[in-house]
Structure formats: structure tokens, C-alpha cells
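Subject: Structure handover

Hello,

Here is the structure for your files. My notes on it come after.

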Amino acid sequence: MAEQGSSTKQLEQKLGFGDLMGSAVGQIIGAGIMSLMPAAIATTGRSVFFSFIIAAVITCATAIPYIFICSCIRMYGGTYTHVQILGGKTFAGMQVITGIVGNLSLGMFGLSLGSYLCALFGWDASLEKWIAAATMVVFYVLNLVGIDAFAKVQNTLVIILIASLIMFGAFGIGKVNWGGYFSNDDGYFMMSGVMGMCQAAGLLTFATGGATIIVNFSAEAKNPTRDIPIVIIISTLFVAAMYGVLSFVAAGVLPVPEVAGANLTAVADHVLPKWAYYVFVIGGAGCALASTLNNSLATSPKPLMQMCDDGWLPQSFAALNKKKVPWKIQTMYFVIGTASCLSGLSVSVLGNLTLVISGVTGIIIAVGTMKIPKLFPNSWAKSAFHVSQPVLNLFCIIALAGSLFSTYMNASSLSLGLLGFNVVVLVGAFLFGLVRGKKLDIQPTYEELV
């Protein structure tokens, strides 16, 4: 086996606070407002605003363990190293399978982008999957060029999309039908009861979440123990607040049946002048989905690189090109994303494929974070987020409750087939980690920087 950490330690530490913020905001917005809000409206109607509040609270709670550990160490393998330190070898091995399968959701962002472009230009819906596949090619090539190119494009996309979404909210908030908004006389407020509102919240945790993905940039961040925790907090709260305003517009301007399950172009066409409509679809919807796809392709390879270093996969699979990009891993994720775009599966199905799997990872991290004071006593004592052991335990219990709630609600809303898929992947991943792990002697790859 190759020297531990040989490939991840070759990554260049170039990402500053602004780059990480652009990554986090772009990841959150693209996954939520464009892809999943219409699905949530179809579940709970105009009460989607309250579903967003619940989802934001859950997201903040489940992010707490990430903030604590990221304030202590640089994790070269990102989320994989995170699970490895806190959960042990078997759970770390599970990340090999769940990490790869989880990227089936890449197709969701490409398909959503294709849907918006078809609506904008009046193209036939059959072209959506081909537009999605072409988009995958563009961002695959971009991410092969290196982390500098990724950061410049990502920051530009995020600036444009925030300006576009603010414009959508500013034009639309005055056109909301406030008179009957909170009434259920028409059957479209809490249309599936409290359970439906909570199920929508479970789905929207994927929308309000996403900031913790920057943990995978730990090896490339200039100052990860300072920047990553702060970025997770600020980006999550900022986007959650913006979603609250936009959800009123999305669900309260047109009748719910006209917007439930559809993209937001119908609402945008109603509230925006024609010029602003094109700006919103291209600059808002387009940049939001493009930024998430771009960010996902950039962050996904990093944990797998460390898995190769540790022997779960062949070390040669983590080979870097001249721009310090793991081109073989990047190519694999490109193929997975393109295949999911062309598979014929809907956006909602792709979004639900790995929700339960993600929840299990959150549970492992929430429980394991209680061990931080024993694992990193010196770094934890100097951490800007240091708290006493009882307070730490309380935060971890809150995070655990959030993960359990989200996992249960997501599981309860899945079809039997999708639930079975999640269970099969989890069982297979656990067996892989258990059996393969017996042959490996793994030392967690991290660096204490505080």
C-alpha cells in the first residue's frame, strides 16, 4: 500500500474564506430553491414556509458536530476522515459505497437545469436529459483544470444567483395573496396535515443543508479550523432566511395546483417584467443549479482520494493530473452523473435515492462528536467553539435528535422501492466496511492546527 495520505497531502491549500463561502452558498441554494421547493409545495401547500423553518432548525442542529471538530483539525479526507475518526474503521469503510452511490443525485441538478432552460426557450421536454448531460460535460472539463478555475467560476455564479433571487423576492413579495394565505378554506394550507408538513421539512433538509460539504475542502483550505466552521454557520443562516421570503412568493402568488411539483418559472413569469424573467431563469435558476453541480463535482473526489490512500480502493485510482486534480475519480463521478441524467429517473426520485443514507452518516457523527475532548485535548481547549463536556453532550444530543427526525421523515415519505434501495445500499456498505476493514491497518489522516 502507498504511503498514508500521499495523494491528499499533495493538494494545494489555495481556498480562502470567500472561496469557501461561495462553495457553501452555491451548494445550498442550487439544491433547494430550484429543485425541491416545488416538491415540498406539492406535499404541504402554502405551509411550505413552516416546513422551511423546521428544516432550517434541523439543519443547524445537525451541523453543530461539524463545526466543533472542524475548529480543531484539518481533515485530509473530508467527511470520510470525519467518520473514520468518530465512528471507526467499519463505518469509515461504509463511506466507500455510500459516497459513490450518493452521487447519483448529481443528475438531479443537471435535469433541473434542463427543465428551466426548456421552459425559458420553449423547447420540448424530451431535450431536458440531453441538456443535463451536456452540462455535466462542461463542469467535468472545468473541474479538470484545477481548484483555481473552480473557485473563480463558483464565486461568479454565486454572486449572480444571489442578485437574481433577491430580485425575484423583491418583485414577488408584494403580489402574494396574503388574505387567504394562512387559511385552509381551499384545502391547500397544511394540505397533508402536520405529518405532511414535517415530511416536507425532511425533504427540505436537503435544501437548507449543503454547507457541511465544504468539509471536503479541508485539505485545500488556507485556514480550515477558522474558516470552515464560520462559513457553515453564516451560509446556512443566510440562505435559510432568504428561503423564508422566497417560499411565500413561490406558494402564495398563484394557486397551489399550478405550482405544486412544477419549477418556479410560472411564478417568475407572473411577478417579473419580461427582462427580469430572463435574468431570473438564466442568472438565478441557471446559476443556482450550475453552482451546485460545479461544487458537487469539485468536492466529491476528495474523500475517495483518502480512501485510496488508506487501501479501501487501489492507490492508482487517486492519481493526480498536472493541476492536482484526481482525474480518474473525477471521470468516474462524471460518468455516474451523466448516467443518472440519461436514466429517465425524475428529479424527485434522484433526490430521494440517498436521503436515508445521508441521515445515518449524520447520526454516526452526532454521537461520535462527544469524544472530541479525549481525541484532541489540546486543540479542543484552544478552539474558538470550546464548551464544557456537558454542554458538548447536550449539543450532540440535539444534533442526534435532528438527524433521527430527518431520517425518519425522509424514510416515511419514500416509496417501498426507494426505501428498499436505501436499506440494501446501507447493508452492503456495512458488510464491505466490516470485511474489507479486517485487512487494513488505517491511521486517521488529519492535522491539528489550533
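Below are notes on two backbone positions and one surface patch.

This is a predicted model, in which local features need pLDDT of at least 70, side-chain atom pairs count only at pLDDT 80 or more, and totals for chains, interfaces and linings use all residues. Residues are numbered from 1 along each chain as its sequence is written, and side-chain values use heavy atoms, with hydrogens and water left out.

Backbone. Most residues other than glycine have a negative phi. Met190 has a positive phi, near 55°, and sits in the loop between α8 (147–172) and α9 (193–208). Helices here are DSSP runs of H or I with at least four residues, numbered from the N terminus. The relative accessibility of Met190 is 26%, so Met190 counts as partly exposed (between buried, under 20% relative accessible area, and exposed, over 50%; 1.4 Å probe, protein chains only). Lys324, also not a glycine, has a positive phi of about 65°. Its loop runs between α14 (301–310) and α15 (327–342), and Lys324 is partly exposed at 30%.

Surface. Phe50, Ile53, Val57, Ile173, Trp178, Phe182 and Val245 make a nonpolar surface patch of about 590 Å². Patch residues have over 30% relative accessible area and no salt bridge (a side-chain nitrogen of Lys or Arg within 4 Å of a carboxyl oxygen of Asp or Glu), and nonpolar side chains (Val, Leu, Ile, Met, Phe, Trp, Tyr) are joined within 5 Å. Areas come from the Shrake-Rupley method with a 1.4 Å probe. Helix α3 (residues 48–70) gives the most to this patch, with 3 residues. Ile173, one of the patch residues, lies in the loop between α8 and α9.

Regards

How values were computed. Helix = DSSP H or I, 4+ residues; strand = E, 2+ residues; numbered from the N terminus. Patch = residues over 30% accessible without salt bridge, like charges linked within 9 Å, V, L, I, M, F, W, Y side chains within 5 Å.
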